[in-house]
Each structure stands twice: as structure tokens, then as C-alpha cells.
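User: I'd like a close look at a single part of this model, the buried strand in the middle of the fold, and then how the rest hangs around that part. Keep it informal, but walk me through the details.

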Amino acid sequence: MRNPEDAIKKWAIGQNALVAGIASASDIDQLQAEGHRPSDILPSAKSVIVIGSLPFAGTWRIPDYKVVGEVAFQCNEELYRIAYHMADYIESKYGYESLFPPPDSIGNWSPLLDIKRCAEMAGLGSRSLAGEMILHPEYGFLYFAVTITSMPLVSDGPLKDPVCPAPSCVRLFEKIGTTPCMNACPDCLSGTIKDGRIVSSRYDRNRCATRAQSTSPPALQRQILGAAEETNPAKRKMIVLGDYFSRSVKSLSYRSHLDATCMECWRPCPVGMKYRVKK
Ligand code: SF4
Ligand code: SF4
């Protein structure tokens with residue numbers, strides 16, 4: 001009979017996840033600040049199951065980068081559905097407490113759980129120079145979702161060797177001092193590579209957010225304030241009924257507007273490129 005680790009991963013992949021891995025909840029607990037640990041969400045937590053997937057290759061052909069992020073984010077919505085049902089699957093089949101933690105932030109950019117950390121600890125990739133997004137060795141950048149459970153499972157653990165930088169990025173950095181991701185967004189990203197390994201990495205999250213999350217809830221709050229402070233009724237009307245405000249309001253009901261990145265730093269990464277290019 002298949003062990004439960006394989007059975008759970010196979011179930012997730014059968015539901016449309018591309019990859020699945022398992023992390024130890026207590027290992028993640030030790031690395032996370034209080035309030036952001038798996039056991040802060042589910043006190044009986046023993047394991048964190050992470051699933052990942054890729055946007056369709058067609059997504060990368062969309063000319064407008066704002067639309068790319070929104071279309072790609074649908075992949076996340078699908079993962080959330082699978083992770084939610086995985087909690088039900090584990091509770092029904094194995095009888096262990098399980099849940100799908102909400103992916104939303106509890107503060108402006110303070111997620112309840114660090115999904116990147118969970119993916120790393122489940123062996124699904126390593127931090128990259130592209131804003132520390134997790135890079136999977138085969139598929140490149142993925143979206144992730146998690147299920148936390150009290151079921152004790154054997155952890156996959158972090159990868160032994162980092163995926164980033166790719167060999168071609170090391171060569172490029174040695175030649176011209178940058179890599180495809182940093183070159184795509186030098187204002188937000190910078191870093192150094194030595195002996196084939198990342199030595200330093202900078203990601204300007206505040207700057208990235210003003211470019212890539214311009215219709216996020218904080219952006220909407222600022223627009224409401226701007227409209228409230230506008231004394232000219234005609235201008236106030238233009239703000240509230242305008243396209244930008246409308247997109248931001250829509251973001252409250254259609255999540256892909258909330259958190260989508262512009263993905264320009266993701267686009268040129270050589271890792272997983274073959275899955276982003278089709279006929
Ligand atoms: S998501 Fe866009 S704005 Fe943010 S770091 Fe990447 S390329 Fe830059
Ligand atoms: S482009 Fe190169 S340096 Fe940048 S994330 Fe991809 S592998 Fe890493």
C-alpha cells in the first residue's frame with residue numbers, strides 16, 4: 001500500500017496541482033516570528049503540505065503586463081481551491097485536523113503564514129534574486145498554496161542546492177554584472193553572485209508594490225482619501241467614477257487584482273522557460 005505522503009501528493013496532483021511537497025510544521029515554527037507560525041493557526045499542526053502550479057504558457061503572450069498578472073493569478077485561485085479541498089480530504093480519509101489558511105495579509109504586507117518559507121521547507125524550490133520568489137528546479141517560478149494538518153507526515157525538507165542563480169545567469173553576471181531578472185527591474189532588484197552563489201540580494205518591496213499592486217486594498221484606501229479631500233465636485237466625480245477607482249473596487253471582489261505582480265522579473269528567467277513557451 002502507498003504511504004500516506006505519496007497518497008496525499010498524488011491526490012493533489014490528480015486535482016490539478018503541478019507539484020506537491022511536505023514540510024514539518026515545527027521546523028517552520030522555529031524559523032517564523034510569533035503570530036506567523038503554522039502552530040499559531042492550527043495549534044495541533046504537525047505538517048504543512050504545499051502545492052504549486054504554473055500559469056498557462058499563453059499568459060506570457062499577453063501584451064499588457066497588467067493583464068498578465070491578473071490572468072496568471074487565476075492559477076493561484078485554482079491552487080486555493082485544491083488546498084481547501086485537501087483539508088477536507090485529509091480530515092475525511094485520515095481523521096486528522098486540517099485547514100486551508102487564508103492567503104490574505106493580516107496587515108498591509110504581513111501574511112498570516114510565510115508561504116515562501118513553507119515552499120522552501122517542503123523542498124519545492126529556493127529563494128531567488130527576483131524578489132526572493134521561490135524558484136522550482138524544473139518549472140521555475142510557481143504559485144503556491146498550503147494545507148496545515150495535525151497529521152504527522154515525513155517532511156521533504158529544503159533542497160540541498162539552491163536553484164538560483166542558474167548557470168547562464170552566473171555567466172551573465174560575471175560578464176556584465178547583472179542577471180535577466182535584475183536587468184528587467186533594476187529599480188526594485190539588485191544583488192551579487194560569487195562562486196555561483198547569491199551573496200547579497202535586495203528587493204524593494206515598497207517600490208514594487210507601487211508598480212505591481214497599484215489596485216491593491218492600500219491603493220484603494222489612498223484613492224478614497226484623495227476623493228474625500230478633493231474639494232472640486234467635478235474632479236471628485238472623475239476620481240470615483242474613473243477607470244482606476246473602478247479597477248480598485250473590482251479588486252475587492254475579484255482577488256486577482258489584489259496581489260498580482262507585474263511579473264516582468266519572472267518573464268526572462270531561464271529556469272522553467274520551456275514551460276512558458278509553446279507553439
Ligand atoms: S514584480 Fe514587477 S515591479 Fe515588482 S520586482 Fe518584479 S518586475 Fe519589478
Ligand atoms: S533570472 Fe537567473 S538570477 Fe534571476 S531568478 Fe532566474 S535564475 Fe535567478
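Analyst: Here's a walk that begins with one strand and then moves out to the other parts.

Keep in mind that this is a predicted model. The strand to start with is β2, residues 47-53, which is mostly covered: 7 of its 7 residues are buried. Its side chains split into two sets. Ser47, Ile49, Ile51 and Ser53 point one way, while Val48, Val50 and Gly52 point the other way, and all of them are buried. Buried here is a matter of counting, so a residue qualifies if 20 or more other C-beta atoms lie within 10 Å of its own.

Now for the pairing. Strands of a sheet pair through backbone hydrogen bonds, either parallel or antiparallel. β2 has β1 as a partner, in the antiparallel sense and over 6 bridges; one of the bridge pairs is Ala20 with Ile51 of β2. β2 also pairs with β7, again antiparallel, over 7 bridges. Val50 has Val146 in β7 as its bridge partner.

Those names come back when you look at the nonpolar core. The largest one has 60 residues, and the ones with the most contacts inside it are Val48, Val50, Ile51, Cys118 and Val146. Helix α4, residues 65-94, gives the most to this core, with 10 residues. As a general backdrop, nonpolar side chains in soluble globular proteins tend to be buried together.

Zoom in on Ile51 for a moment. What is Ile51 in contact with, once neighbours within four places in sequence are left aside? The list runs Ala12, Ala17, Val19, Ala20, Leu79, Ile82, Ala83, Phe144 and Ala145. Ala20, in that list, is also the residue bridged to Ile51.

Near that neighbourhood in sequence sits a backbone oddity. Asn16 lies in the loop between α1 (4-14) and β1 (19-24), and has a positive phi of about 115 degrees although it is not a glycine. Most residues other than glycine have a negative phi, and most peptide bonds are trans. Asn16 is partly exposed, with 13 other C-beta atoms within 10 Å.

There's another case of this kind in a separate little sheet. That sheet is open, with 3 strands in the order β4-β5-β6 and antiparallel pairing. The edge strands are β4 (126-127) and β6 (140-141), each pairing on one side only. β4 is joined to β5, residues 134-136, by 2 bridges, and Arg127 stands opposite Ile134 in β5. In the loop between β4 and β5 you'll find Glu132, which has a positive phi of about 60 degrees although it is not a glycine. Glu132 is partly exposed, with 19 other C-beta atoms within 10 Å; the buried class begins at 20.

Follow the chain on from β7, the partner of β2. In the loop between β7 (143-149) and α6 is Pro165, and the peptide bond into Pro165 from Cys164 is cis, with omega near 0 degrees. Helix α6 covers residues 167-176, and the number buried among its 10 residues is 1, so α6 lies largely in the open. Just after α6, Gly177 takes a positive phi of about 75 degrees.

That cis bond also leads to a ligand. Cys164 is among the closest residues to ligand 2, along with Ser128, Cys169, Cys181 and Cys269. The shell there has 13 residues, divided into 11 nonpolar, 2 polar and no charged. Ligand 1 is surrounded by 13 residues too, the closest being Cys185, Cys188, Cys208, Cys262 and Cys265. Its shell divides into 9 nonpolar, 2 polar and 2 charged, and helix α8, residues 205-212, gives the most to it, with 3 residues.

One more hairpin before zooming out. β8 (residues 189-194) and β9 (residues 197-203) run antiparallel, joined by 6 bridges, and Leu189 has Tyr203 in β9 as its bridge partner. The hairpin has 2 residues between the strands, and Asp195 there takes a positive phi near 50 degrees.

As for the overall layout, the protein is divided into domain 1 (4-149) and domain 2 (214-259). Their centres, taken over C-alpha atoms, are separated by 30 Å.

Conventions:
Residues are numbered from 1 along each chain as its sequence is written. Chains are lettered from A and ligands numbered from 1 in the order in which they are written. This is a predicted model: local features need pLDDT of at least 70, side-chain atom pairs count only at pLDDT 80 or more; totals for chains, interfaces and linings use all residues. A residue is buried if 20 or more other C-beta atoms lie within 10 Å of its own, exposed if 12 or fewer, and partly exposed in between; C-beta atoms are placed from the backbone. Helices (H or I, at least four residues) and strands (E, at least two) are DSSP runs, numbered from the N terminus. A residue is near a molecule or strand if its C-beta atom, placed from the backbone, lies within 6 Å of it. Ala, Val, Leu, Ile, Met, Phe, Trp, Tyr, Cys and Pro count as nonpolar, Asp, Glu, Lys and Arg as charged, and the others, Gly among them, as polar. Domain bounds come from an automatic or database domain assignment. A nonpolar core is a set of buried Ala, Val, Leu, Ile, Met, Phe, Trp, Tyr and Cys residues joined through C-beta atoms within 7 Å. Two residues are in contact if their C-beta atoms, placed from the backbone, lie within 7 Å. Two strands pair if DSSP finds at least two bridges between them.
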